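Colleague: Could you take one part of this model and walk me through it closely? I'd like a connected account rather than a list.

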Amino acid sequence: MPLQFKNLNVQYRVSGSPDDCATALDNISIKINEGECVSVVGESGSGKSTLALASMKLLAPSAVMTGQVLVGGTDISGLSDSEMETIRWNEIAIVFQNYGDVLNPVHRIIDQIAEPLIKNGESRSSALDRSRSMLDYLKIKEGRDVLYPHQISAGERQRVLMAMALITDPGILVLDEPVASVDAITKSYLAKVINEQVDAGKAVLLITHDLSFVPLCSCRCEVLYFGSILESLPSHELLDAPRHPYTRALVRSFPMMERAKDLAGVRGVPPSMFSRSSGRCSCIFQPRCTQSIGVCSQKQPCATPRGRDGTGGVGGRDAAGGMDGTDRDGYVVCHRGGIATMISVKDISKSYNDLRVLSDVSLTLDEGEILALVGETGSGKTTLAYTIAGTIKPDGGEILFRGRRVSDIDRKELAKTVGIVYQSPRDSISHRFTVFEAIAEPLHIHDEFDDESGGRIESALREVQLPDDEYFLQKYPHELSGGELQRVAIARALILAPDLLIADESTSFLDPSVQAKVLRLLLDLQNERGISMLFVTHDIGVARKVSDRIAVLHGGKIVENAPAHRVIASPEHPYTKQLIGVAKGGG
Amino acid sequence: MHIKPFKEFKKDKIGVAGLMLILLLITTAILAPVIAPHDPWDYSAPAFQPPSWEHPLGTNDIGYDIYSELVWSLRTSILFGIAVAAIACTIGLVLGVSAALIGGMYDMVVMRIADALLAIPTIMILILIAAYFKPSTTVLIIALSLVLWQTTARGVRAQTLSLKTKLYVKAAKNAGAPTSYIMYRHVMPELFPLYAMGFVTKARIAVFMEAGLSFLGIFDPTTKSLGIMMSYAMRYLYLDVWFNWLLPPVIALSLLIISLGFISYAIEEIFDPRLRRNNATPI
């Protein structure tokens, strides 16, 4: 039995007046066919549970729902409570979020599971038998069935809830955070259960914030952000190939077994639900987006088919209205057609006299991405980084920076959008400059030094966790430690708010403790500002901790270029294997 | 290591002594028209007068006041020294920096000229020029400047080349800085020690050279000069005038050269870490 949401809007009236409405769901269209499981992911407050409740018409009285919810073809939005009674549990069942109070504390769990069967006219003994076998199926130990909800563990309670939903064998199953409180082993068993239900022809709506659970049992995934679907994608691409900046940020926040990179939350603060009650005219994710451009704050984005280098919403269908997720590759709601490419390097080569340093190197760097360039000394990684920054001219090939040829961009203009942190802070800051003068230098160069620059420099220092008092500002490089100096260098690189930060072996001069702190700082700043980062290092161990993607350079060629965890887990090129082997302490 | 040159200089006793001395001499030279009691180009008393209140150092063979001559000669020497030093160092700075920045053929030509000048004895060129052209003071200043720039140019070129490779210069360049900014903010301050050293050394050479040339009689004879004074005094040594006629210009010249020597010694010690006795005070 299919479940379909058609242009569903849900608003919560807050104080009675029609203006004080908080939008929980905005024009949601999802179709779940029989034998299909669709998952919905998103941060807390994104409207996931509202969607679950709407599917059962269980919304609070303050909610105003428009649009359609079709349960097996019947629009339930117009049904009366008594009509709903016949549909609920028989045709569509829900597994509620596992809070302490979802089960009735004064009834034994077996009785609670058997209750709908008995209500439907089945004999008590057969209902209890079926309930017991259902508990067996869900791996609840024998003898627990006669206990009361407070006597069993949270994980068991979760499965009891699942049993209650499955016992009536409904055509549609709505699961709201079914694995939030269960251990990993149980989780994988529940995934098996869900898959069996899907195979049996059920339509399953899975609501979860556990991203690793999504590919285990659903085929499609909808990414919900404060009431709007931002991306709809095949589940197996969720962790590896998200196309919306929000999906990527969500994936980066999620701890995954194979991923070594430090976790980073979605930058910025969630929007207020009230801010969008009356016809919004910007992309809802725009304030937190890493790649917003002018149009993002001017009009709502449209859904565009997923795929690399989308056309940026041109000709796309109206705000997810025409898309219900049935497209195979899904869609992304973004003016820029999903994560945009910031830099694309095409077949560049560079020689110094007769020495070939780079040969036919091609590479892309996405907006908001951290790419590590790894290679041994002399492999050409620094040359590649500076070629990208526009300070070294390649002999052949071309580099596009946001679609423009780097060679066509004014050097000063390009320099403003690229910040560089060098290897040795002692050498990269003039010994004649005070901390203040060093950080002010880019402002002087770009004629931006004015009365407010003092405050700007002080806040830059606070951002890199250094003191901002007059005494510190007047210190000279030789009075600072390597770590402090590198922070000053980072502040200098970021003072013009660049879009790309190149860290050229920025931490290799520092001792492990200082290096850890500086890396942490770089990552935090990258996440907070949403900038792209090119991390040049010879240390693949550092690279795997900081980068989304690793490109390995060997003899002037890129021999490996893949998501960081994949490069580490299954390197393809012998050189990468050797690098990882050596880094692990082997031969 | 960052050095505050003026603060360091103040701590250097020899440097301060040299500076005081040169300031005293410069003041005397500037105030020459006021200090000199008589017109040094005019007869003021009978010849060979011994020192008196009227003529502190007596008069010379044609009745000119020796003290007035001395003060005016000092003025010539100092002017000559400063002018030559300024011109030669500026030529050296411009040629050195441009050679380093432009490089290529230009660099090679400039540096080969400098090498040639180093090899040829300066004094010989000057004697030839002076003997042949009978030049004015201005021409001589220019001539001397043209043969003294090479050491500064070489030093400046080497320093600029090394600065070009400094990471903080590259960083400024990568940040979009134009060459003018890099010159003004990064290169010039680094070249200051070279310029200062070159200036003092060249002033010393110029002062001595002027005295030497005029002593040899290859200088405008109408100019008042310590060398000319000495040269005339030598002719009348049998009259026992050495203490009031020969000695004063010798002492004045020596003081001038010693003061410049002290200053150059102090500058060298401040900027050359190997010569530093005690560590520079930070800030």
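Modeller: Sure, and keep in mind that this is a predicted model. Let's start with how chain A is carved up: domain 1 covers 1–91 + 171–277, domain 2 covers 102–169, and domain 3 covers 357–583. Take the first two of those. The C-alpha centres of domain 1 of chain A and domain 2 of chain A sit 25 Å apart. Where they touch, domain 1 of chain A puts in 10 residues and domain 2 of chain A puts in 9 residues. On the domain 1 side of chain A, the biggest giver is helix α6 (residues 184–199) of chain A, with 3 residues. By character, that domain 1 side splits into 6 nonpolar, 3 polar and 1 charged.

Staying in chain A for a moment, have a look at V332(A), which sits in strand β12 (residues 331–333) of chain A. V332(A) counts as buried because 31 other C-beta atoms lie within 10 Å, and the cut-off for that is 20 or more. One of its spatial partners is A303(A): the two are 29 residues apart along the chain, yet their C-alpha atoms are separated by 5.4 Å.

Now for the contact between the chains. Chain B brings 16 residues to it and chain A brings 22 residues. On the chain B side, the elements giving two or more residues are α9 (167–174) and α10 (179–215) of chain B. Of the elements there, α9(B) gives the most, with 5 residues. The chain B side as a whole comes out as 11 nonpolar, 4 polar and 1 charged.

Last stop, a helix pair inside chain B. In general, two packed helices are described by the angle between their axes and the distance between the axes. Here the pair is helix α2 (residues 13–30) of chain B and helix α12 (residues 242–271) of chain B, whose axes come within 8 Å and cross at roughly 140°. So α2(B) is oblique to α12(B), since only angles over 145 would count as roughly antiparallel. As for handedness, α2(B) passes α12(B) in a left-handed crossing. From α2(B), the residues making the contact include I14(B), G15(B), A17(B), G18(B) and L19(B), while α12(B) supplies, among them, L255(B), L256(B), S259(B), F262(B) and Y265(B). Sorted by type, the residues of this helix contact give 13 nonpolar, 3 polar and no charged.

Notes:
Residues are numbered from 1 along each chain as its sequence is written. Chains are lettered from A and ligands numbered from 1 in the order in which they are written. This is a predicted model: local features need pLDDT of at least 70, side-chain atom pairs count only at pLDDT 80 or more; totals for chains, interfaces and linings use all residues. Axes are lines fitted to C-alpha atoms, for helices over the stretch in contact, and angles run from 0 to 180 degrees between N-to-C directions. Helices (H or I, at least four residues) and strands (E, at least two) are DSSP runs, numbered from the N terminus. Angles under 35 degrees count as roughly parallel, over 145 as roughly antiparallel, 65 to 115 as roughly perpendicular and the rest as oblique. A crossing is left-handed if the near helix is turned anticlockwise from the far one by less than a right angle, and right-handed if clockwise. Two residues are in contact if their C-beta atoms, placed from the backbone, lie within 7 Å. Ala, Val, Leu, Ile, Met, Phe, Trp, Tyr, Cys and Pro count as nonpolar, Asp, Glu, Lys and Arg as charged, and the others, Gly among them, as polar. A residue is buried if 20 or more other C-beta atoms lie within 10 Å of its own, exposed if 12 or fewer, and partly exposed in between; C-beta atoms are placed from the backbone. Domain bounds come from an automatic or database domain assignment.
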